[in-house]
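Subject: Structure handover

Hi,

Here is the structure I promised you. Please open it and keep it beside this email as you read.

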Amino acid sequence: MIKRKKTKAVKVGNVTIGSASPIVVQSMTKVSTQDVGKCVKQVNQLAQAGCKLVRIAVPTKADTAAFAKIVQKVKIPLIADIHFSAQRAIEAIEAGAAKIRLNPGNIKNRKDIFRIIDAAKMHDTAIRIGVNEASIRDLKQDNVSADKRVGLMLKELKQYVTLFESRDFENIVLSAKSSNTARTIEVNRLISNTFQYPIHLGLTHAGLCEDAQIPSAVCLGSLLSEGIGDTVRISIAGNPVVEVGVARSILLSLGLVERQEPEIIVCPTCGRTQIDVVKLAKKVKKAVSECQKPLRIAVMGCFVNGPGEAADADLAICGGKGKAYIYKKGKKTAVVPEAVIIETVLQLIDKF
Ligand code: SF4
């Protein structure tokens with residue numbers, strides 16, 4: 001059982017990040033912010049997929065104007081992504097951003113930071129202080145050691161947090177991202193040991209979907225298993241809805257969110273396999289795709305080891321030659337010809 005590290009609670013619209021609140025999945029829109037219709041559509045798709053907060057880039061004044069319209073048209077809180085411009089941050093806050101993301105690497109002027117903080121206080125807007133390894137000036141050379149990189153990210157974060165606290169503002173979430181898995185893990189451990197603020201986890205620029213999933217799972221999974229992390233974003237080049245699916249899989253695999261649909265476990269197959277396991281597993285997966293019951297369904301290649309290895313499954317389908325042995329909660333309940341396996345399984349699922 002994972003014990004989450006205690007942090008302050010930060011309100012982002014109607015969503016709470018940190019303390020005992022569930023880990024919040026977030027993502028980012030990837031269409032032009034000025035195309036309000038497309039942006040609203042993508043926010044809604046992300047919300048439908050289970051995303052609780054969506055971040056939107058607002059590089060220009062026209063983007064913050066569009067952001068103001070988008071805020072009015074969607075139901076979930078929005079975050080404005082700010083780089084370089086204090087003015088954009090203030091416009092986004094006034095436009096209704098529930099949270100803004102600031103990069104200490106590119107907004108450094110103290111007066112500008114205080115103007116942003118004052119606007120955030122007035123509008124009850126949260127702020128993520130998001131350090132990015134690539135935007136720290138001292139880290140642009142290749143020969144900087146890993147330890148120094150991690151140390152400098154933490155130092156940059158500390159300097160910013162001190163400024164925020166000196167202005168009496170604690171409505172903050174922290175993040176430090178790198179495209180390097182080990183450094184992201186290390187810096188977030190240090191952040192967790194140093195601050196009480198909630199932590200946003202992410203491995204930045206993780207890559208195309210097929211390349212990004214494993215490093216993201218290793219990175220976020222390691223930290224989450226240590227109780228570190230209060231909100232997550234998976235950075236994948238491509239459709240952001242995929243990011244939400246990957247985030248959810250990581251949280252599910254660690255038991256950090258409750259499963260609402262069946263989990264299909266499948267044996268790896270071996271020389272004892274009696275049935276086309278892959279084909280059968282795909283059929284089962286498709287057949288239960290609309291099911292809203294958190295059942296564990298096992299598809300096993302044989303009835304020698306299959307029943308024992310799937311003893312903790314709600315339903316186990318263990319392959320025989322042209323047939324399957326069906327087990328419910330470890331007890332054999334039917335032996336059916338291959339052609340009616342799916343039908344039988346669906347009938348049994350109905351009874352759960
Ligand atoms: S369940 Fe049977 S077929 Fe599948 S890996 Fe185990 S022994 Fe092999």
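Below is what was found in it, taken part by part.

One point before you start: this is a predicted model.

Domains

The domain assignment splits the chain into domain 1 (9-253) and domain 2 (263-351). How far apart are the C-alpha centres of domain 1 and domain 2? They lie 42 Å apart.

The sheet of 8 strands

Look for an open sheet of 8 strands with parallel pairing. Its order is 8-7-6-5-4-3-10-9. Strand 8 (172-177) and strand 9 (200-201) are the edge strands, and each pairs on one side only. Helix 6 (residues 181-194) packs on this sheet and touches both strand 8 and strand 9. The direction of helix 6 makes about 150 degrees with that of strand 8.

Now take one pair from inside the order. Strand 3 (residues 24-28) and strand 4 (residues 53-57) run parallel and are joined by 3 bridges. Find Met28, and you will see Arg55 of strand 4 opposite.

Two helices that cross

Next, go to helix 7 (residues 209-225) and helix 8 (residues 240-253). Their axes come within 10 Å and cross at roughly 35 degrees. The crossing is right-handed. Which residues meet there? Helix 7 brings Cys209, Gln213, Ser216, Ala217, Leu220 and Gly221. Helix 8 brings Val242, Val246 and Ile250. By class, this contact has 6 nonpolar residues, 3 polar ones and no charged ones.

The sheet of 5 strands

There is also an open sheet of 5 strands, in the order 11-12-13-14-15. The pairing here is mixed. Why do strand 11 and strand 15 each have one side without a neighbour in the sheet? Strand 11 (263-266) and strand 15 (331-337) stand at the edges, and each has a single partner strand, so one side of each stays free of a neighbour in the sheet. From one strand to the next, the twist averages 20 degrees.

Two hairpins deserve a look.

- Strand 13 (residues 315-320) and strand 14 (residues 323-328) run antiparallel, joined by 6 bridges. Leu315 has Lys328 of strand 14 as its bridge partner. Gly319 stands opposite Ala324, also in strand 14. There are 2 residues between the strands of this hairpin, and Gly322 in the turn has a positive phi of about 70 degrees.
- Strand 14 and strand 15 also pair in the antiparallel sense, over 6 bridges. Tyr325 has Val335 of strand 15 as its bridge partner. This hairpin has 2 residues between the strands too, and Lys329 takes a positive phi near 50 degrees.

A general tip for following side chains: in a regular strand they alternate between the two faces of the sheet.

Then find helix 11 (residues 341-351). Helix 11 lies across strand 13, strand 14 and strand 15. It runs at about 10 degrees to strand 14.

The ligand

Last, turn to the ligand. How many residues are around it? There are 13. The ones that come nearest are Cys267, Cys270, Gly301, Cys302 and Asn305. What classes make up the shell? It has 6 nonpolar, 5 polar and 2 charged residues.

That is the full tour. Write back with any questions.

Best wishes

Technical notes. Residues numbered from 1 in each chain as written. Predicted model: local features only at pLDDT ≥ 70, side-chain atom pairs only at ≥ 80, totals over all residues. Near = placed C-beta within 6 Å. Nonpolar A, V, L, I, M, F, W, Y, C, P; charged D, E, K, R; others polar. Pairing = 2+ DSSP bridges. Helix = DSSP H or I, 4+ residues; strand = E, 2+ residues; numbered from the N terminus. Axes fitted to C-alpha atoms, helices over the stretch in contact; angles between N-to-C directions. Contact = placed C-beta atoms within 7 Å. Domains from an automatic or database assignment. Left-handed = near helix turned anticlockwise from the far one by under 90°.
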